[in-house]
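Here's a quick briefing on a protein–DNA model. Have a look at the structure first, then go through the notes below it.

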Amino acid sequence: MPRLHKRSFRVANYDLGATLDSGQVFCWGERDGAWCGIIGERWVRMKQGRAIVAECIVDPGDWRWLRDYLRLDEDIEAIVETFPDDEAFQFATSACQGLRLLRQPKWECLASFICSASKQIVQIKQIVRNMSERYGAVIRTREGEEHAFPTAEQLARCTEEQLRECKTGWRAKYVLGSAQMVVNGEVDLDAVASMDCASARKELMRLPGVGRKVADCVLLFAYGFQEAFPIDVWIDRGLRELYFPRRKPTKKRLEAFTSNYFGPYAGYAQQYLFHYVRTRRQQEQS
DNA sequence: GTCCAGGGATTCA
DNA sequence: TGAATCCATGGA
């Protein structure tokens with residue numbers, strides 16, 4: 001066993017497991033109560049007791065990168081205070097205590113959500129794993145080695161057929177097309193960070209396979225635009241049931257509603273709503 | 001066997 | 001603008 005670099009982070013109101021398993025990220029695996037994954041090119045193992053204890057193989061420096069990824073400096077209680085004071089959110093906030101948003105690497109988040117279209121979360125994880133194992137860099141881990149998520153350059157070198165073999169299906173041409181546009185500089189993912197939210201969304205939607213929903217996921221989960229509000233099938237159903245019973249709002253009407261009803265941290269509210277409606281459905285079925 | 005999944009692009013009215 | 005359809009794949 002190689003020597004491990006270890007660091008403990010004191011946290012309050014942070015549920016690491018719920019956060020890493022909440023459908024905003026697809027590269028984490030849990031074993032023996034510990035979560036293992038690769039952030040950028042660093043393998044990390046994290047376990048939560050009273051604190052979050054993180055371990056790395058390679059010297060992690062000042063750990064700033066992990067604080068940023070986990071968004072440890074965010075005041076979640078102040079954020080939850082801004083959520084709507086309605087019945088739905090009384091249930092949602094009590095069902096999702098400690099649920100957080102992450103700040104993911106941009107390309108990985110983007111490519112993952114291009115693959116997410118009309119897929120179940122378990123299948124998205126499989127696709128991400130397939131692409132990583134075949135085309136991602138080899139990373140040293142505690143037990144041996146794993147593969148990082150492939151860069152845009154690595155995926156742009158693939159053929160559409162190779163990407164289909166990762167079980168991407170008809171999304172293969174979108175992944176390839178987006179990778180090529182990022183590599184040749186047609187869309188600069190770093191430059192998007194300095195845009196306002198609407199411009200950033202418009203820029204991301206120039207990429208094939210990226211519509212409003214995928215763009216909003218990336219804006220929220222990678223760029224940290226708090227006002228981004230992805231509306232997927234779960235959120236769509238939830239909004240209609242909770243706020244428009246016996247009515248039939250158009251998509252435009254729903255978007256307009258979400259852009260002011262949920263406050264300055266609408267994106268956070270969205271993640272709580274997403275987690276709530278999904279866990280509620282699971283409980284109804286069991 | 002059937003329905004549906006953290007949708008997008010295209011077509012047609 | 002908006003609805004319908006197609007696109008692979010595999011859970012449930």
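What follows is a short tour of the two DNA strands' surroundings, plus a stop at one arginine.

Keep in mind that this is a predicted model. Around DNA strand B there are 29 residues, and the residues near this strand include 14 nonpolar ones. Around DNA strand C, the split is 1 nonpolar, 3 polar and 5 charged.

**DNA strand B**

- Gly23, Gln120, Ile121, Trp170 and Gln270 come nearest to DNA strand B, out of the 29 residues around it. Of the strand B atoms that come within 4 Å of the protein, sugar and phosphate make up 63%.
- Two backbone contacts go to phosphate oxygens: a polar backbone atom of isoleucine 121 sits 2.4 Å from one, and a backbone N or O atom of glycine 211 is 2.8 Å from one.
- Proline 230 reaches a base instead, with a backbone N or O atom 3.5 Å from a base nitrogen of DNA strand B.
- If you're after secondary structure, helix H12 (212–221), helix H13 (233–243) and helix H15 (266–285) are the elements that give two or more residues to the surface near DNA strand B.
- Besides its 14 nonpolar residues, that surface has 10 polar and 5 charged ones.

**DNA strand C**

- The residues around DNA strand C are Lys119, Gln120, Gln123, Arg164, Lys167, Gly169, Trp170, Arg171 and Lys252.
- Sugar or phosphate supplies 54% of the strand C atoms within 4 Å of the protein, and bases supply the rest.
- Glutamine 120 puts a polar side-chain atom 3.1 Å from a sugar or linking oxygen of DNA strand C.
- Arginine 164 has a side-chain N or O atom 3.5 Å from a phosphate oxygen of DNA strand C.
- Tryptophan 170 goes for a base: an N or O atom in its side chain is 3.4 Å from a base nitrogen of DNA strand C.

**Arginine 64**

- Arginine 64 belongs to helix H2, which covers residues 64–70.
- Why does arginine 64 count as partly exposed? Because its relative accessibility is 39%, and partly exposed runs between the 20% and 50% cut-offs.
- The side chain of arginine 64 makes a polar contact of 3.0 Å with the side chain of aspartate 73.
- For a sense of distance, arginine 64 and aspartate 190 are 126 residues apart in sequence, and their C-alpha atoms are 19 Å apart in space.

Terms used. Residues are numbered from 1 along each chain as its sequence is written. Chains are lettered from A and ligands numbered from 1 in the order in which they are written. This is a predicted model: local features need pLDDT of at least 70, side-chain atom pairs count only at pLDDT 80 or more; totals for chains, interfaces and linings use all residues. Side-chain values use heavy atoms; hydrogens and water are left out. A residue is near a molecule or strand if one of its heavy atoms lies within 4 Å of it. A polar contact is a pair of N or O atoms within 3.5 Å; within protein, one must be able to donate a hydrogen and the other to accept it, and residues adjacent in sequence count only if both atoms are side-chain atoms. Helices (H or I, at least four residues) and strands (E, at least two) are DSSP runs, numbered from the N terminus. Ala, Val, Leu, Ile, Met, Phe, Trp, Tyr, Cys and Pro count as nonpolar, Asp, Glu, Lys and Arg as charged, and the others, Gly among them, as polar. Buried means under 20% relative accessible area, exposed over 50%, partly exposed in between (1.4 Å probe, protein chains only).
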